[in-house]
Each structure stands twice: as structure tokens, then as C-alpha cells.
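User: Can you give me a close look at one part of this structure, the pocket and whatever sits around it? Keep it relaxed, but walk me through it residue by residue.

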Amino acid sequence: MLDDKKRKITVDIYGQQYTIVGEESSSHIRVVASMVDDKMREISAVNPSLDTAKLAVLTAVNTVHDYMKLKEQITQLELELLKKRD
């Protein structure tokens, strides 16, 4: 049984329907799905011969890369803030 805080929403990503269950708002889940769809379409436009599985893996790799770069930037900004406080 789903927890009261969890939402179940169906989204379309790269022409496929996926049911996502999460605690975030429906609009948040839709935005995330839209961003994944956009990234898959962007990569597919550059590499049209990729099958869906390879496209999904490349999308995941690109997304994690972006995430790691943002984490590095946040860490750097936090260090700069700490230095300014001293």
C-alpha cells in the first residue's frame, strides 16, 4: 500500500509511458520527466543511430556528470563563503 505522502503519476519520456512513485509534487515529477525527455532528444539528435537503451545510458551518464559538476561548484562556493567569514 502506498504511503499517504507518496504520489503516483504517469509521464511520457521519449515516447514511452512510465509510472513514477514519489513524495514530490506531481508538477515536480513532470518537470523532471520533461528534462529527461529533453536530454534524451538532445543526445538522439546528435547520435540518431543509438538504440533506446544506449541513449538512456548516455543520458544517465550526462546527467550524473552535470550533477557532479554542480556539487563541485557548490563545495567551492561553500569554501569561499567560509573563508570570507574568517
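**The pocket, starting from Thr59**

Analyst: Let's start with a polar detail: a polar atom in the side chain of Thr59 lies 2.8 Å from the backbone oxygen of Leu55. Bear in mind that this is a predicted model. Thr59 itself is a residue of helix H2. Its relative accessible area is 4%, so it counts as buried, given that the cut-off for buried is under 20%. What does Thr59 touch once its neighbours within four places in sequence are set aside? The contacts are Val36, Lys39, Met40 and Ile43.

Now for the pocket. Thr59 is one of the residues that line the largest pocket, and the volume of that pocket is about 230 Å³. Thr59 shares the lining with Val32, Met35, Val36, Lys39, Thr63, Asp66, Tyr67 and Leu70. Val36 and Lys39 therefore turn up twice in this story, as contacts of Thr59 and as part of the lining. Which elements give two or more residues to the lining of the largest pocket? They are helix H1, covering 26-46, and helix H2, covering 52-85. H2 gives the most, with five residues. As for chemistry, the lining divides into five nonpolar residues, two polar and two charged.

Next along H2 comes another threonine of the lining. Thr63 is also placed in helix H2, and a polar atom of its side chain lies 2.7 Å from the backbone oxygen of Thr59. Put that beside the opening detail and you get a little run of side chain to backbone pairs: Thr63 with the oxygen of Thr59, and Thr59 with the oxygen of Leu55. Is Thr63 buried or partly exposed? With a relative accessible area of 42%, Thr63 is partly exposed, because that value falls between the 20% and 50% cut-offs. Looking across to Asp37, Thr63 is 26 residues away in sequence, and the C-alpha atoms of the two are 12 Å apart in space.

Let's cross over to H1. Arg41 is found in that helix, and its C-alpha is separated by 9.4 Å from that of Thr59, with their positions 18 residues apart along the chain. Arg41 comes out at 41% relative accessibility, so it is partly exposed. If you leave out residues up to four places away in sequence, Arg41 touches Tyr14 and Gly15.

That brings in the hairpin. Tyr14 is found in the loop between E1 and E2, and the hairpin of these strands has two residues between them. Its phi is worth a look: near 50°, a positive value in a residue other than glycine. Tyr14 has a relative accessible area of 24%, so it is partly exposed.

Tyr14 leads on to Ser44, another residue of helix H1. The side chains of Ser44 and Tyr14 are joined by a polar contact of 3.0 Å. At 14% relative accessibility, Ser44 counts as buried. Not counting residues up to four places away in sequence, Ser44 touches Tyr14 and Leu55. And Leu55 is where we began, since its backbone oxygen is the partner of the Thr59 side chain.

What about the strands on either side of that loop? E1 (residues 7-13) and E2 (residues 16-22) run antiparallel and are joined by seven bridges. Arg7 has Gly22 as its bridge partner in E2, while Lys8 stands opposite Val21 in that strand.

One last stop in H1 is His28, which is found in that helix. His28 is partly exposed, with a relative accessible area of 38%. Its C-alpha is separated by 14 Å from that of Lys5, 23 residues apart from it along the chain.

Pulling the threads together: helices H1 and H2 each give two or more residues to the lining of the largest pocket, and Thr59 is a buried residue that lines that pocket and is in contact with Val36, Lys39, Met40 and Ile43. From the hairpin, Tyr14 meets H1 through its polar contact with Ser44 and through the touch from Arg41.

Key
Residues are numbered from 1 along each chain as its sequence is written. This is a predicted model: local features need pLDDT of at least 70, side-chain atom pairs count only at pLDDT 80 or more; totals for chains, interfaces and linings use all residues. Side-chain values use heavy atoms; hydrogens and water are left out. On a 1 Å grid over the protein atoms alone, a cavity is a set of points where a 1.4 Å probe fits but cannot get out, and a pocket is an open set with protein on both sides within 12 Å along at least five of seven lines; lining residues have an atom within 4 Å of a point. Grid points are joined across faces, edges and corners, and a volume is the space filled by probe spheres set on the points. Helices (H or I, at least four residues) and strands (E, at least two) are DSSP runs, numbered from the N terminus. Ala, Val, Leu, Ile, Met, Phe, Trp, Tyr, Cys and Pro count as nonpolar, Asp, Glu, Lys and Arg as charged, and the others, Gly among them, as polar. Two strands pair if DSSP finds at least two bridges between them. Buried means under 20% relative accessible area, exposed over 50%, partly exposed in between (1.4 Å probe, protein chains only). A polar contact is a pair of N or O atoms within 3.5 Å; within protein, one must be able to donate a hydrogen and the other to accept it, and residues adjacent in sequence count only if both atoms are side-chain atoms. Contact means heavy atoms within 4.5 Å.
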